[in-house]
Structures are given as structure tokens and as C-alpha cells.
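Biologist: Could you take me closely through one part of this model, the sheet and what surrounds it? I would also be glad to hear how the two copies fit together.

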There are 2 protein chains.
Amino acid sequence: MTPEATRSFLRSMFDAAVAAAMPEQCVPQNLPPKPKGRTIVVGTGKASAAMAQVFEKAWDARVEGLIVTRYGHAVPCEHIEIVEAAHPVPDDAGTKGARRMLSMVRGLSPDDLVVALISGGGSALLSLPAESISAEEKRAVNRALLKSGAPISEMNCVRKHLSAIKGGRLAAAAYPARVVSLVISDVPGDDLAAVGSGPTVADPTTFAQARAIIAKYKIDAPSSVIRHLESAIDETPKPGDYRLASVETKLIASPQKSLEAAAAIARAQSITPIILGDSIEGEAREVGFVMAGIALQARRFGQPLPAPCVLISGGETTVTVRGSGAGGRNVEFLLALALKLDGAEKITALAADTDGVDGAREVAGAFIMADTLSRARAMGIDPWASLSNNDGHGFFERLCDQIITGPTLTNVNDFRAVFIA
Amino acid sequence: MTPEATRSFLRSMFDAAVAAAMPEQCVPQNLPPKPKGRTIVVGTGKASAAMAQVFEKAWDARVEGLIVTRYGHAVPCEHIEIVEAAHPVPDDAGTKGARRMLSMVRGLSPDDLVVALISGGGSALLSLPAESISAEEKRAVNRALLKSGAPISEMNCVRKHLSAIKGGRLAAAAYPARVVSLVISDVPGDDLAAVGSGPTVADPTTFAQARAIIAKYKIDAPSSVIRHLESAIDETPKPGDYRLASVETKLIASPQKSLEAAAAIARAQSITPIILGDSIEGEAREVGFVMAGIALQARRFGQPLPAPCVLISGGETTVTVRGSGAGGRNVEFLLALALKLDGAEKITALAADTDGVDGAREVAGAFIMADTLSRARAMGIDPWASLSNNDGHGFFERLCDQIITGPTLTNVNDFRAVFIA
């Protein structure tokens, strides 16, 4: 394959991964049957306004509703109102939106249909404290949780028990209407109760567990919060709750579905896709080192499978920022990968964020080719220094190897492909 | 599979990996034909005395020779003299041994055979400076190189050009005798010129390159070293050098061969081996996080290949020590793996050093089972705290999940197996 054909192959896999997660592709395929009564569209998340726009175009019938999305993520809709709110720290716009959304789905009949369009980021966007707690008190607990080192599952348990809308409460409010929830997932393992804190999904966790977590991490919670958790009034709907009996939740886009779409592109070109994981996590540069080891194994020994093959993975890595460069998870990964591969022939790669924004800049990601290091050095760039300075974007900009898509308005995390020709 | 059967399966793979690298197994299979003349056995490395012992038992003919091994690594031989020396900082014992070894192989005839038994660690053990440089001056350069951040390939280029025995010089000295070199490799990629600094392998690097490296890393070298490098007298033998024409170098044990031996055990039990790499590198805990992602993918989606399967890998990870616990690469890897797996069912693992010593203690490694975290917590151990404190050995000791073999006297780096049942 020529270098151009190689780039084009890598890029076509990334494009397929993003396309599979775009509302244009995944919403129309998953429309529910039309109801006798009204259709109310609600939803929240970074991709949810784009989902609503596609929905109302495809829904050949009357529709109304309200979406809360992130500032800058609104797209024009004809019938569904779009509200913008703050992320990751909630603001009043989100709270007001959540309150209106709840009242909009109350008092419906079994003939009515509520369509919930849920995507990543919804948890912060749709923030409505339980009645006896102020927004500021809830935020204080949230800040303390983020600092505590508690795993996301424990943070979500507390959040759901301080909220009036999360943990299945939105769907419970819509009872007895039918609820169809279309979900674009960006969480590892696609736990539907976790995406947007699961406003339409039953919550097995309890007030008692939320109290135990507050105690375990010694969270200094306001007295209103303590009282609310102790009162244990208005528990989240549990699995089997009659109010959630007519709720259907469909995963319409996810990291795994996007990896499969990329794998199909490889297969069509007789290149073996090796999907390593949809939720690979770890420090970006170290993940790069490990992937280099696997790629070299494929080249030297034809393991885990013989070349031509492509190692495909998703998930979110992390970057411990030590330098002052312009970086992101994907370009940091690529720089480390290139350094460990050290110019190994016939190994190329692409890594990019499916939302089109990798960290510091509106750049999705980059390519590496076998000559990446040598071209950089010929230009007087020290690749190790670039990595030390977390300057991935600076590095690939000078090499003209960036991938720029603009914000895609969807998100199924990172996409990485390492091609062993 | 019962927990006992699972442990036994994991352990049998590790045992097969170690066995494949033991001199008892790999030396007798690779004996050269007998010479008309004398047989001189030389060699260096941590496993080389054990290799010599096996060799002289298997060699049904007269033999003499000299081996330089690490303190504590001598084993009794009848005809071959064993000298112990310091590692990783060379001492006079190693220097004297190297000098005697050189004179022992000089003046031989084409009818004579020199058998070189080379294993990891030989580079430091067999330290003989070029004539015009003192041992202390050579050590000073070596210390500066280790601090410089230069890659191992560049360090070895300099070392070979300050040495009287490395970089093929031992084999050149043995000319016109036939030389058969049996190598147990512990270096990524099995570069034969790198194991023990390749005393019988041609060296493509030059004095000019060594000077460039000294300049590039601004090594403050003693004037004797500068003069020696500038004189460029007695260049290392290059590929094609007539003195190395009758040298045969055989890789008799390596990380990859050991992984293959483990894979054969899995195959015999109808469990698919997935060899990810013989030289996986990176921060041990991050490698654990990545492996967890791959293992979960196998369980959830049957990718890269369906369960039952076992992810097999080798190579040396690193540990950035931040805590004060008793740790090692393999137990650090396992703790991180267990934390990211978070009790996922049917996933178990073993990680251990094939030399029997994982870092701080004479413990080879450990097992993790699905209940590792819950058992630890029931005992009042916080696994995250153990990881933060780099206390892997402390953690697995209390769980009685250690693997203790004692020093094996061979080394093909780490062995990791993650089993998805």
C-alpha cells in the first residue's frame, strides 16, 4: 500500500466509526412505532440536540418536546425546544430545563409516547436537586465526591439520591405513558444506568448505600443533604418497578458499535481487524507503549494474528500533564507509540477523538507513519521532548499529520487503529 | 474450572515458560558437533554457570573453560572454572575473568571449538576496558550514560567501543577456531548483538558513532576515553569480517520461545492462547489497566478471540516507586489489573518473573482470582492503598497468593497470563 492509500485506509476506518455514532445514521434506524396519542421528545447530553433534529425530520407526525444540551451544542429544531446549559459544572439553565422537562412528561396517558434522547454529559446538564436541597448544596457534595477518589459508580449512587430526575425518576414521572429511550453511550461497558445518570433506567442502589458512601469517603455534606439521605423518602425506582414496565431503552450508538463499523471497513479490504477493547484506559503514553509491543509482535511473529491486520481500540485514556505544550489524549498516545515503534517498517496508526476535539485544540487527532520520527528530526524537532512537554498537537501540526474534522456533535470516545501491513 | 484447577492451569503455563528457558532443557538440544581438537567453553551472564554445568554433563568428551557469572549464581562444574563477579556495577573479578577468557581463546587452531554460553547480565559481568582506559574511567562513562536518557542501543555502541571483549571481539580473538555461541536472550527483539553486549556477534556500529553519542548527550568523558574514541584503533569486527566467518550464534531460549511453550499448554487444554507480545513495556500498573480492558473485551464481545482464551505476554515493565511497600513489576501489574477488573467473573491471572525474583523479594510473582479484591477488603486491606504504596508483595503475601520458586538461575523476563474462562 502506498503511504496515501494507507492514510486513506486509516481515515476511512475513523470516518466509519464516527458515522456509526452520528444521529443521522443511528436515530432513523431506531424509531419507535407511532403512538395513538401525543409524542413528547425529551433528552439531554452533548449529542441530544443533534439527535432531536434528526428525530423530528424522520418522525413523520406531530412532535413536541424539550432538550437540554451543552452550550455551543444546540442545532435548530422546528418543534422541539433546545435549551443550552453548563457542563461539567451544572448551572441554573440546566436546573430550570430539568424542572420543565419533568412537568412536560407528567399527566400523560398510556396512549402517549415519550422519546428520551440521551447522550454523554447528560448527568451534569440535567441537574435538579431533590426538593429539600439547594443547587449549591448539591454542587458542594459533587465537588467533594470528585476529590474523594470514589469510583464513578459510587459517585453516581449518591448523585441519583440527591436528584429529582436521575436514576429512572424521569421515566417514573412519565408513567403511564410509554417511554422509548435512545442512548448514545460513551461510558465503559455501556452501563445504561450510567449514561446521563440514567433518567429512564431503574436504579438498584439505595439511600442506605448513598449514606454509606458519604461516610466511607468522609464527605463533609451539608445538613440538608444528610437529612434528605436519612429521610429516605422518594427512593429511586428499582428494577421491576411498575412505573418502568413500559420503558424500552435502546443503545443506538456506542464505542463498540463504532469499532465494529471500522472493523467492517478493514475486513472489506482483506485486512484482519483485531478489536482489543472498547474501553481501554490508562495513561495515554503507556497505552502507546503497550500497543507498540503488540504491533511489533504482529509484525515479527504474526501474533496475536498475522499481518495484514489492524489493532482497533476505543475508550478514554488519561494524560498526566507535566509540560506546557498543546496536547490531547490521542496525540500523546501517538507520540509514545511512534517512539516505541522507533520507525518500524509497515506500521502506521491513527488516533482521534470521535467528538472531533482531542484535548487542548479543535483537532480530532493525527496519523503516524513509519517515517514520522525521521521527518520530525529532519525538521529539528525532538520527539521525546515533544512528548515530555505534552505537545502532541504542536508536533503533528508541524508534520502536517493532523486530523481535523471540527466538532462532530456526537461522542463515543477515542478511536485508535494501528495498522500492520 | 474450579479455582484450584484454574490456579493449576495458570501455574502450569508459567512452569512451562520457565522450563523452556532452563539450561537443562535448552542446552542439550543445541550441542554442536564434536571438534577434532580441543573444546573450550567460555561465557558470561546470570544463567551461564548453570548452562556450563549442563553442557559439561551432556558433552561426552574433554572440555575446559571459564565462565564469569554473578555473585550467588555459581553452580559446581567439574572441568569448567566458574568465576563470580559484580552486577550491575562491574568489579575487578569480572575484569580479571574477561582478561583470562580472552587469553584462553587465543592461539587456537581451526580444529578447535569455542563454545560461548551467553545470557543476560553478561554486559556488566564481563567488563574489560580497552588498553588505554582504566576500569574507573570506563565506569564513569557508563554511569553518565545511564543518567543521560540515551536508548540502550546507543549506550551499547559506546560500551562496545570502550571494551576489549564486547562487540564481537571475543570471537575475533578466537579466530581461526570455530565458535558456537548459545544464547539465552532477555532483550526485547532478541537482538543477539545486545545480549551480554554480543561478545561473539559482529558490531555494525563505529567509533565515529560512539563519539557522536558522547557529544549528543554531552557526556563529560575523561580525556583517556576521548583520546581512545578519536584514535579509532582496533574497530569492532563488522558483519562480513573474516574472523567471524566460522561463528554460529544460536538463540536457544528467549521470551518468545517461553511464551510459545506456555501457549502449547493452553492449546492442549482447548484454551485459545493469544500471544500479545514478548516485549510489552510500560509502567506496570498502566500495563495492568490495558490488559484489563482487553480481558473484559474478550469476556463481553469474544474479541480479539472468543473465550476460553488466555492473554499471554512477556517483556519487562517498569515501576515508578512512590511508596514504601515491598513491590515488584509483576505484583504491581497484578494489583492494577485486579482493580480495573473490579471482580469481573471468570477472569484470573498470573504474573511472575521467570528468574524467580520479582523486585524487592525472593518471590516470583502472584495470582489474582475473581475474589481477590473482596477477600482483601474482608481482611481490612485497601487494594488501592496497597497499589499507591507499591506494596504488591505485602498484599499478595497476606492473601496467600504468592508464587515462590526461588531463583531459577535463568531469565527470559516477565511472564503474564490473563485467563478468560
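Modeller: Happy to! One term comes first: a residue counts as buried when its relative accessible area is under 20%, and as exposed when that area is over 50%. Please also keep in mind that this is a predicted model.

With that cut-off, A:Ser258 makes a good starting point. A:Ser258 sits in helix H11 of chain A, which covers residues 255-268. Its relative accessibility is 2%, so A:Ser258 counts as buried. What does A:Ser258 touch, leaving aside its neighbours within four places in sequence? Its contacts are A:Ala17, A:Ala20, A:Ala21 and A:Val412.

Now to the sheet itself. In chain A, six strands form an open sheet with mixed pairing, in the order E7-E8-E12-E9-E10-E11. Its edges are strand E7 (272-277) and strand E11 (402-403) of chain A, each of which pairs on one side only. Within this sheet, strand E9 (residues 347-353) of chain A runs antiparallel to strand E12 (residues 414-420) of chain A, and seven bridges join them. To find that pairing on screen, start from A:Ile347, whose bridge partner in E12(A) is A:Ile420. When you follow any of these strands by eye, it helps to recall that side chains in a regular strand alternate between the two faces of the sheet.

Chain B lets us follow the pairing further. There, strand E9 (residues 347-353) and strand E10 (residues 365-368) pair in the antiparallel sense over four bridges. B:Ala352 is the residue that stands opposite B:Gly365 in E10(B). E10(B) is in turn joined to strand E11 (residues 402-403) of chain B by two bridges, again in an antiparallel arrangement. Here B:Ala366 has B:Gln402 in E11(B) as its bridge partner. Just before that strand, B:Cys400 lies in the loop between helix H16 (392-398) and E11 of chain B. B:Cys400 has a positive phi, near 55 degrees, although it is a residue other than glycine. Its relative accessible area is 65%, so B:Cys400 is exposed.

Back in chain A, A:Ile347 takes us to an enclosed space. The search of the whole structure finds four cavities of 30 Å³ or more, and the largest cavity has a volume of about 60 Å³. Among the residues that line the largest cavity are A:Ile347, A:Ile368, A:Met369 and A:Asp371. Two elements of chain A give two or more residues to this lining, namely helix H13 (329-341) and helix H14 (372-378). By type, the lining divides into eight nonpolar, two polar and one charged residue.

A few backbone details deserve a look too. Most residues other than glycine have a negative phi, and most peptide bonds are trans. The bond from A:Ala307 to A:Pro308 is cis, with omega near 0 degrees, and A:Pro308 belongs to the loop between helix H12 (284-301) and strand E8 (309-315) of chain A. In chain B, a cis peptide bond with omega of about 5 degrees joins B:His87 and B:Pro88. A:Asp190 has a positive phi of about 50 degrees without being a glycine. Is A:Asp190 buried or exposed? At a relative accessible area of 10%, A:Asp190 is buried, and its place is in the loop between strand E5 (178-184) and helix H9 (207-216) of chain A.

Finally, the two copies. A turn of 180 degrees and a shift of 0.1 Å along the axis lay chain A on chain B with an RMSD of 0.1 Å. The copies are therefore related as by a two-fold rotation axis. A:Glu286 is the residue of chain A that comes closest to this axis, with its C-alpha at 3.2 Å. The interface residues of chain A are, to 100%, also interface residues in chain B, so the copies meet through the same surface.

Note on methods: Residues are numbered from 1 along each chain as its sequence is written. Chains are lettered from A and ligands numbered from 1 in the order in which they are written. This is a predicted model: local features need pLDDT of at least 70, side-chain atom pairs count only at pLDDT 80 or more; totals for chains, interfaces and linings use all residues. Side-chain values use heavy atoms; hydrogens and water are left out. Two strands pair if DSSP finds at least two bridges between them. Copies are superposed by least squares on the C-alpha atoms of residues with pLDDT of at least 70 in both. Contact means heavy atoms within 4.5 Å. On a 1 Å grid over the protein atoms alone, a cavity is a set of points where a 1.4 Å probe fits but cannot get out, and a pocket is an open set with protein on both sides within 12 Å along at least five of seven lines; lining residues have an atom within 4 Å of a point. Grid points are joined across faces, edges and corners, and a volume is the space filled by probe spheres set on the points. Ala, Val, Leu, Ile, Met, Phe, Trp, Tyr, Cys and Pro count as nonpolar, Asp, Glu, Lys and Arg as charged, and the others, Gly among them, as polar. Buried means under 20% relative accessible area, exposed over 50%, partly exposed in between (1.4 Å probe, protein chains only).
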